[in-house]
Amino acid sequence: MASVSTTSAKRDSHEQNHLDLLLPDLPKGPLSMYREKASFCWKQLALFLDGEDVIRFKKTIFTALENDPLFARNSEEHLSLERCRELTFLRCKRIMEYDFITMDEAMAQPLKLLVLFSCLAMYDMSLVVKYLLNCQVFTNAVASTGSERHSAFVEQVRSMEIFGCFALTELSHGSDAKHMKTKATYDADAKEFILNSPDFEAANVGVGNMGKTATHAVVYAQLCTPDGKCHGLHAFVVQIRDPKTLMSMPGVMVGDMGLKLGLNGVDNGFAIFHNLRIPKENLLNHTGDITPTGNYTSSFKDPKQRFGASLGSLASGRVSITNVVVCNLKLAICIAIRFSATRRQFGPRDDEEIPVLEYQMQQWRLIPYLAAAYALDHFSKSLFMNFVEFHVGLLFKDKSARQAELGREIHALSCASKPLASWTAQHGAQECREACGGHGFLAMNRLGEIRNDNDPNCTYEGDNNVLLQQTSNYLLSWVTVKHEDKVPIESPLGSVNFLERFDDILGQRFPASTVKDCMDSSVALAAYQWLVCYLLRESYKKLQKEKENGSSDFEARNNSQVYYCRSLALAFIECTVLQRYHEYTQDSSTPSNLQPVLKRLCALYGLWSLSKYMAVLYQGGYCAGEQPGRVIQHTILDLCGTLKDDAVALVDVIVPPDFILNSPIARADGELYKNLWTTMLQGSKVLERPSWWAEFCANKPNIGSLRPKL
Ligand SMILES: CCCCCCCCCC(=O)SCCNC(=O)CCNC(=O)[C@H](O)C(C)(C)COP(=O)(O)OP(=O)(O)OC[C@H]1O[C@@H](n2cnc3c(N)ncnc32)[C@H](O)[C@@H]1OP(=O)(O)O
Ligand SMILES: Cc1cc2nc3c(=O)[nH]c(=O)nc-3n(C[C@H](O)[C@H](O)[C@H](O)COP(=O)(O)OP(=O)(O)OC[C@H]3O[C@@H](n4cnc5c(N)ncnc54)[C@H](O)[C@@H]3O)c2cc1C
């Protein structure tokens, strides 16, 4: 017996040493009190979530950035717009030089690509957006909307012979992509397309990288044949600048749109095309092609399907955005939790002040966002892997019905996950800013930058409210399938399969009567499934009623968004996020010592999200009487109270190193005031009088001298 326990003790200590080398201890200090209270080992959880290989990969990236002077923090205060763009470009170039992951490695371990994007996003959102617009959005659009004849463009991006952007939005149209006005008319004699912006309202605008850097753009235009027929929106590769001089090409007026509310490292630009001739081959011909004599051909007979396919590459951006906004949420919540664990105000006695994290109010404001960061992180990774599966199908030209259905499901999921994740990060960042009081408002603590750089994620790659309509359309289409085609509701990823039990689910009622019952995330999940079925039924009925009352399809859809289809799409994606996280936390491969904390996070995310829909749960009869509402509220508070002691350790698992986090109030050593004070004093000219001191000291105002001129 003794020798067995000695062997296992040796193994444990060996494993611990290994873990300590991989993830060194964090500095002792004011945060230690909470770290010691944690119910689990943060290193074990980090290892379980990421695995050793990814932990090392992250470390390689973070260390490279920290050791490279080009990435030095705060080296220049208040950068001019020009310098901001220059620095982001130089860093982008340097990331290409580091080539953290080769193409072969990415093929073998695609999730590592997502890890790279996350690491860059945590350093700076502008950097990752600029980098991805060139290396992912442009190249993906070329690869997935084009064919072999376009592969040279992808190669040229890799060697930075060219720099790419993606130009869909026009001055007068953004969401309504179908009605873009840019025109590409085929000239059969010259075997060229002639690209024109009919007027200034058709100018491409808001295009990231177009302002100063891009040499090539994927431009969306209406394809017209010499017979005068228009074949709808198609994508073209268009050279807009000379790669040798960065001067604009003849026939292109290209410029920069100036200062934005955030993300200023990215140069968003505009372009107008005037009789710009582009080779016939530059048509990205996946959805349609043109014969040399000018006949249009397409394997998509249905123009609606062709239109959808031409915008197919947007899905990859929406999947990536779902991931990078979770990075923003993680950064914000890490800052706010570390601050709250070290910031003390008031106390039960005059001689005792307690950390603000001890207040139920602070816990309720922050800890659900921590739970959301964990749940959404898991979802974003799983969605990315779903997308990889779909992408592989595209590469192998899979024409199966399953592949087409998978594309529809991923489109529906990403059109709702981008809104859910970007809004959660937006609301979370603001709550975290306020939770850090006045210190949270100092730019040096980074919450403003996180909030402002996150904000456009709610708009680009499709406005959130507009995109949600795609998801509700998808869900409603299943009702039609069920009613008319009488086939079972079954999707490749299974996200809608529960709708097959529609009638059964709608007959259910809120099952929990105690806080203990509610701690199981299956309670929130069951409520969500009921909610989705209910909102689906109500949205369908509302649409029918609108039509019976004489509304056109267009009007009926518009009048069924608020309280119906919009809520349906959001409830569906929350249900899917919860479903996947619930399965993950319950899975037998999840270590038993980590399950309790993960299950609490899952239950909290589920109940907190669900609590926004209390009115609907009562309205539809799922809940009745005081009890369900009370139990949900009490369980949320109970979970916040329990997770409060784990919060610092949960942050230690997901937080990047201090250099990357870049927030003096949230360093790993927890020395809130020393770090803040030192940073304040290190600011340039902090102790100097202003350069305009004489305006006060020497030039006094002649009080009232301007009054006669009023
Ligand atoms: C980490 C960050 C990296 C990324 C940085 C990104 C920087 C920003 C880049 C940009 O912002 S690029 C510009 C992005 N612009 C948009 O996303 C425009 C938003 N509008 C649209 O995508 C579409 O026009 C819209 C989804 C609103 C569809 O509008 P419609 O009402 O005209 O079309 P409809 O819904 O009837 O769609 C026709 C069919 O195509 C399908 N479809 C539409 N878009 C699709 C798509 N993307 N993939 C697959 N299918 C799609 C759609 O589901 C439908 O299928 P069904 O006939 O089966 O119902
Ligand atoms: C930082 C940044 C970077 C960008 N980068 C790029 C890029 O690289 N390439 C590119 O092509 N574009 C880019 N864009 C543009 C972006 O994709 C568009 O702004 C976006 O698609 C929304 O279109 P819009 O601005 O025309 O909004 P609009 O469509 O005019 O929307 C305005 C408002 O009307 C509402 N609305 C519109 N239609 C409906 C409807 N049917 N029902 C209900 N409400 C509706 C919307 O919800 C929104 O609140 C970028 C934008 C930003 C902010």
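This is a short walk through a predicted model of a protein with a bound ligand.

Let's start with the whole molecule. The protein has 27 helices and eleven strands. Its radius of gyration is 28 Å, close to the 27 Å that the globule rule gives for 710 residues, so the protein is as compact as a globular protein of that length. Along the principal axes, its C-alpha atoms fill a box of roughly 85 × 80 × 80 Å. Of the 710 residues, 45% count as buried. Among contacts between residues at least 6 apart in sequence, 75% join residues at least 24 apart.

Now let's pick out one stretch of the chain. An unreviewed UniProt entry places the feature "domain: Acyl-CoA oxidase C-alpha1" at residues 312-476. Over residues 312-476 the chain is 73% helix and 0% strand, and the C-alpha atoms at the two ends are 21 Å apart.

Next, look at ligand 1. There are 30 residues around ligand 1, and A177, G308, L311, Y460 and G462 come nearest. The elements giving two or more residues to this shell are α8 (125-145), α10 (303-310), α11 (314-342) and α15 (464-485). Helix α11 provides the largest share, six residues. By type, the shell divides into 16 nonpolar, eleven polar and three charged residues.

Finally, find K700, in the segment after α27 (693-697). Is K700 buried or exposed? K700 counts as exposed because it has 8 C-beta neighbours inside 10 Å, and a residue with 12 or fewer is called exposed. K700 and Y220 are 480 residues apart in sequence, and their C-alpha atoms are 60 Å apart in space.

Definitions and conventions: Residues are numbered from 1 along each chain as its sequence is written. Chains are lettered from A and ligands numbered from 1 in the order in which they are written. This is a predicted model: local features need pLDDT of at least 70, side-chain atom pairs count only at pLDDT 80 or more; totals for chains, interfaces and linings use all residues. UniProt positions are given in the numbering used here, feature names are shortened, and annotations may be inferred rather than shown by experiment. Helices (H or I, at least four residues) and strands (E, at least two) are DSSP runs, numbered from the N terminus. A residue is near a molecule or strand if its C-beta atom, placed from the backbone, lies within 6 Å of it. Ala, Val, Leu, Ile, Met, Phe, Trp, Tyr, Cys and Pro count as nonpolar, Asp, Glu, Lys and Arg as charged, and the others, Gly among them, as polar. A residue is buried if 20 or more other C-beta atoms lie within 10 Å of its own, exposed if 12 or fewer, and partly exposed in between; C-beta atoms are placed from the backbone. The radius of gyration is taken over C-alpha atoms; the globule rule is 2.2 Å times the number of residues to the power 0.38. Two residues are in contact if their C-beta atoms, placed from the backbone, lie within 7 Å.
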